[in-house]
Amino acid sequence: MWALEKLDTDRSAMPEHLRLQLAEALLHRGESTRIAALLASDESGTADALRAALQVQQGRWIEAQAAFEAAFKKRQAET
């Protein structure tokens, strides 16, 4: 996919919503290292929720639950 390739070469030129959608695609592909790098500087509630989903994939259920709850609260404050 062209957009996923652009993440490695021109990430800063992409709008935030596209980067977050691509991060979700990477999540479904199991590419946790790329997701972590992509979300490293993003402090949004959506990015926090994606990081929590990574924790679920890693079997870190307790941490993921707390992270999801915090992400939901942050998203409510953002909108």
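Phe72 is exposed, at a relative accessible area of 52%, in what is a predicted model. Phe72 shares helix H5 (residues 61-78) with Phe68, and the rings of these two residues form a stacked pair. A second topic is the packing of helix H3 (residues 32-39) with helix H4 (residues 45-57).

**Aromatic pair in H5**

- The count of aromatic pairs comes to one.
- In this pair, the ring centres of Phe68 and Phe72 lie 6.0 Å apart and the ring planes meet at 20°, so the pair is classed as stacked, the cut-off for stacking being under 30 degrees.
- Phe68 and Phe72 are four residues apart in H5, which is about one turn of the helix.
- Phe68 is partly exposed, its relative accessible area being 25%, whereas Phe72, at 52%, counts as exposed.

**Packing of H3 with H4**

- The axes of H3 and H4 are 11 Å apart, and the two helices pack at an angle of about 155°.
- H3 and H4 are therefore roughly antiparallel to each other, given that angles over 145 degrees fall in that class.
- The crossing of H3 past H4 is left-handed.
- On the H3 side, the contact is made by Ser32, Ile35, Ala36 and Leu39; on the H4 side, Ala47, Leu50, Arg51 and Leu54 take part.
- By residue class, the contact of H3 with H4 comprises six nonpolar residues, one polar residue and one charged residue.

Notes
Residues are numbered from 1 along each chain as its sequence is written. This is a predicted model: local features need pLDDT of at least 70, side-chain atom pairs count only at pLDDT 80 or more; totals for chains, interfaces and linings use all residues. Side-chain values use heavy atoms; hydrogens and water are left out. Axes are lines fitted to C-alpha atoms, for helices over the stretch in contact, and angles run from 0 to 180 degrees between N-to-C directions. Angles under 35 degrees count as roughly parallel, over 145 as roughly antiparallel, 65 to 115 as roughly perpendicular and the rest as oblique. A crossing is left-handed if the near helix is turned anticlockwise from the far one by less than a right angle, and right-handed if clockwise. Contact means heavy atoms within 4.5 Å. Ala, Val, Leu, Ile, Met, Phe, Trp, Tyr, Cys and Pro count as nonpolar, Asp, Glu, Lys and Arg as charged, and the others, Gly among them, as polar. Rings of Phe, Tyr and Trp (its six-membered ring) pair if their centres lie within 6.5 Å; planes under 30 degrees apart count as stacked, over 60 as edge-to-face and the rest as tilted. Buried means under 20% relative accessible area, exposed over 50%, partly exposed in between (1.4 Å probe, protein chains only).
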